[in-house]
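Me: I'd like to learn how to read a protein model feature by feature. Can we walk through one together?
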Amino acid sequence: MDDGIRLRSAAPADAPALELVAGATFLETFADIIAGQDIIAHVAANNSAEKFGDWIGDAASRVWIAERKATAAPIGYALLTAPDLPDIVTGADDAELKRIYILSRYHGGGLAGRMMEAVIAEAKAMGKTRLLLGVYAANDRAIAFYRKHGFGIVGDRRFQVGAALFEDKIMARAL
């Protein structure tokens, strides 16, 4: 069945679209718990087109964009990088699923599973043997999704956006 959504590897020209969907999904996900000015500052610092361009050009990273086929409008993205989890011992055989976000309107249609499959397949193709990620500890839906895909909790970290401090769960799965 064709759901009208294309998932593909991102190219340098996709950086502005990735900036847009990253900002929109972060806002949509955290608008109820993070102050607006802190969301704006966080998105500007961590989801700029320049940052996405850097990840796209980094041999250790992979970026995917999900878009509507009919319009090429971005609706989600995933980002795989070298691990950056200070409280977890990592090695050269590890990768981090740094981000996987989809506009909520598209939740429940199987896109997240397709994205996870692409990330896992690529991490394996890169020779990685473990995939790690951080997830907001109160995001039960995301934690259940990750458990469904073979992840287990291996640690905790604190995640700060502006003045607000949040608890994350660090999850991992063997590849």
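Me: Let's start with one residue: is Gly127 buried, partly exposed or exposed?

Reply: One thing up front: this is a predicted model. For exposure, look at the relative accessible area, where under 20% is buried and over 50% is exposed. Gly127 comes out at 42%, so it counts as partly exposed. As for its place, Gly127 sits in the loop between helix H4 (111-125) and strand E5 (130-136).

Me: Okay, zooming out, how many helices and strands does the protein have?

Reply: There are 5 helices and 7 strands. Reading from the N terminus, the elements go β-α-α-α-β-β-β-α-β-α-β-β. The radius of gyration is 15 Å, close to the 16 Å from the globule rule for 175 residues, so the protein is as compact as a globular protein of that length. Along the principal axes, the C-alpha atoms fill a box of roughly 45 × 40 × 30 Å.

Me: What share of the 175 residues is buried?

Reply: That's 42% of them. On the outside, the accessible surface is about 8,800 Å², with 52% of it belonging to carbon and sulfur atoms.

Me: How do I read a single helix, say H1, and which of its residues are buried?

Reply: Check the length against the expected rise, then see who points inward. Helix H1 (residues 15-30) has 16 residues and reaches 22 Å from first C-alpha to last, close to the 22 Å expected at 1.5 Å a residue. Its buried residues are Ala15, Leu18, Val21, Ala22, Gly23, Thr25, Phe26 and Phe30.

Me: And the cores: which residues have the most contacts inside the largest nonpolar core?

Reply: The general idea is that in soluble globular proteins, nonpolar side chains tend to be buried together. Here the largest nonpolar core has 26 residues, and Leu97, Leu131 and Tyr146 have the most contacts inside it. The elements giving two or more residues to this core are strand E2 (62-68), E3, strand E4 (94-102), H4, E5 and helix H5 (140-148). H4 brings the largest share, 6 residues. A second, separate core has 20 residues, including Leu18, Ile39, Ile56 and Tyr77.

Me: What is Leu131 in contact with, leaving aside its neighbours within four places in sequence?

Reply: Quite a list: among its contacts are Leu80, Leu97, Val119, Ile120, Phe151, Met171 and Leu175. For the protein as a whole, take contacts between residues at least 6 apart in sequence: 64% of them join residues at least 24 apart.

Me: Now the aromatics. How many aromatic pairs are there?

Reply: You look for ring centres within 6.5 Å, then check the angle between the planes, with over 60 degrees counting as edge-to-face. The count comes to 8 aromatic pairs. Take Phe52 and Tyr77: their ring centres are 5.4 Å apart and their planes at 85°, so this pair is edge-to-face. Phe52 is in helix H3 (residues 49-57) and Tyr77 in strand E3 (residues 74-81), so the pair ties together parts 25 residues apart in sequence. Phe52 is buried, at 0% relative accessible area, and Tyr77 is buried too, at 1%.

Another edge-to-face pair is Tyr146 with Phe151, at 5.9 Å centre to centre and 65° between the planes. Tyr146 is buried at 8%, and Phe151 is buried at 3%.

Me: Which residues do ring pairs link into a cluster?

Reply: Phe26, Phe30, Tyr136 and Phe166. You've met Phe26 and Phe30 already, among the buried residues of H1.

Terms used
Residues are numbered from 1 along each chain as its sequence is written. This is a predicted model: local features need pLDDT of at least 70, side-chain atom pairs count only at pLDDT 80 or more; totals for chains, interfaces and linings use all residues. Side-chain values use heavy atoms; hydrogens and water are left out. Helices (H or I, at least four residues) and strands (E, at least two) are DSSP runs, numbered from the N terminus. Buried means under 20% relative accessible area, exposed over 50%, partly exposed in between (1.4 Å probe, protein chains only). The expected span of a helix is 1.5 Å times one less than its number of residues. Rings of Phe, Tyr and Trp (its six-membered ring) pair if their centres lie within 6.5 Å; planes under 30 degrees apart count as stacked, over 60 as edge-to-face and the rest as tilted. The radius of gyration is taken over C-alpha atoms; the globule rule is 2.2 Å times the number of residues to the power 0.38. Contact means heavy atoms within 4.5 Å. Accessible areas come from the Shrake-Rupley method with a 1.4 Å probe; for residues, only the protein chains shown count as cover. A nonpolar core is a set of buried Ala, Val, Leu, Ile, Met, Phe, Trp, Tyr and Cys residues joined through side-chain atoms within 4.5 Å.
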